[in-house]
Each structure stands twice: as structure tokens, then as C-alpha cells.
Amino acid sequence: MADENTEPQVPAQAVKAATAFIADHGKPSRAVVQNIGRTGARVVLVGDDGAMGDIIVPSPASGEALVARIEGLELSEWDRETVEATKIGAGHRRKMAARTRG
């Protein structure tokens, strides 16, 4: 059984990806941590330029620890300001709307 007082593990790859995202898309960037069950948590990033990205981490606590560790990354929610800050391009919309044929 894990000690509840231990700091959550933040994968080095997640730190690298978040740091690169901020370098590419500006400060301040926002992060919304979403629990995705046994798989862990999804950290959705919204850059200062409106670009979106995501990182999968082992748990919501790991996601929050990631956000706390990265300068220029702010913990957020899907509130009005965060949603309005996103700029989804036509390519991303096509990708989200794609259907599989089978």
C-alpha cells in the first residue's frame, strides 16, 4: 500500500513534453487535469496562442504535480475563459469528426 504522504510521481517525459509545449505556444499556458480511470489522467494544455495539446500521466495527482512543477503552466478548469482561449483549426475539427469505415 502506498503512503498517502508521498509526492506523486511525475514522468520525466511528461515534464519534457509540457516544457516543449510552453516553449512553442507561450506563457501563460493553461492545464486542465481530467481523470480517465485506471489509465490515469489526461492533462489538456491550452497555450497562450490557443493551441491545444495533451499529456497522459499515471493519476490526477501526478497531473496536478506536473502543473505545479512547470513554470508558466497554470492549473485551470473548463471554464469560460479556458474554452474561449482555445483556437481549434479546421484540420483539428476534421480529425475530431473523422469516421471509421469498416
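How many of the 102 residues of the protein, in percent, count as buried? The share is 29%. Buried means under 20% relative accessible area, exposed means over 50%, and partly exposed lies in between (1.4 Å probe, protein chains only).

This is a predicted model: local features need pLDDT of at least 70, side-chain atom pairs count only at pLDDT 80 or more, and totals for chains, interfaces and linings use all residues. Residues are numbered from 1 along each chain as its sequence is written, and side-chain values use heavy atoms, with hydrogens and water left out.

## Layout

The protein has four helices and four strands. From the N terminus on, the order is α-β-β-β-α-β-α-α. Helices (H or I, at least four residues) and strands (E, at least two) are DSSP runs, numbered from the N terminus. Contact means heavy atoms within 4.5 Å. Of the contacts with a separation of 6 or more, 53% join residues 24 or more positions apart.

## Helix α1

Helix α1 covers residues 12-25. At 1.5 Å a residue, its 14 residues should span 20 Å. The expected span is 1.5 Å times one less than the number of residues. The end C-alpha atoms are 20 Å apart, which agrees.

Ala14, Val15, Ala18, Phe21 and Ile22 are the buried residues in α1. They cover an arc of only 130° around the axis, so they sit on the same side of α1. The arc is that of the directions from the helix axis to the C-beta atoms. An α-helix has 3.6 residues a turn, so residues three or four places apart point the same way. On the other side of α1, Ala12, Gln13, Lys16, Ala23 and Asp24 are exposed.

What do the buried residues of α1 pack against? Their partners are β1 (29-35), β2 (41-46), β3 (52-57), α2 (60-69) and β4 (73-76). Just after α1, Gly26 takes a positive phi of about 90°.

## Strands β1, β2 and β3

Two strands pair if DSSP finds at least two bridges between them. Strand β2 pairs with β1 and with β3. The table sets out both pairings.

| Pair | Bridges and direction | Opposite residues | Residues between strands | Positive phi |
|---|---|---|---|---|
| β1 and β2 | six, antiparallel | Val32 and Val44 | five | Gly37, about 80° |
| β2 and β3 | six, antiparallel | Val44 and Asp54 | five | Gly50, near 95° |

Val44 thus appears in both rows: it stands opposite Val32 and opposite Asp54 in β3. Five of the six residues of β2 are buried, so β2 is largely enclosed by the rest of the structure.

## Core

A nonpolar core is a set of buried Ala, Val, Leu, Ile, Met, Phe, Trp, Tyr and Cys residues joined through side-chain atoms within 4.5 Å. The largest one holds 17 residues. Which of them touch the most other members? They are Val43, Leu45, Ile55, Val57, Leu66, Ile70 and Leu73. Each of α1, β2, β3 and α2 supplies at least two residues of this core. Helix α1 gives the most, with five residues.

Leu45 has a long contact list. Not counting residues up to four places away in sequence, Leu45 touches Ala18, Phe21, Arg30, Ala31, Ala51, Met52, Gly53, Ile55 and Leu73.

## Helices α2 and α3

In α2, Ser62, Gly63, Ala65, Leu66 and Val67 are buried. The buried residues of α2 pack against α1, β1, β2, β3 and β4. Ser62 has a relative accessible area of 2%. Beyond its neighbours within four places in sequence, Ser62 is in contact with Pro8, Gln9, Val10 and Val57.

Thr82 lies in helix α3. Is Thr82 buried or exposed? Its relative accessibility is 0%, so Thr82 counts as buried. The side chains of Thr82 and Arg30 share a polar contact of 3.0 Å. Such a contact is a pair of N or O atoms within 3.5 Å; within protein, one must be able to donate a hydrogen and the other to accept it, and residues adjacent in sequence count only if both atoms are side-chain atoms. With neighbours within four places set aside, Thr82 is in contact with Arg30, Val32, Val46, Ser76 and Glu77.

Ala85 is also placed in α3, which spans residues 80-85. With neighbours within four places set aside, Ala85 is in contact with Arg30, Val46 and Gly50. Ala85 and Ser29 are 56 residues apart in sequence and 9.7 Å apart in space, C-alpha to C-alpha.
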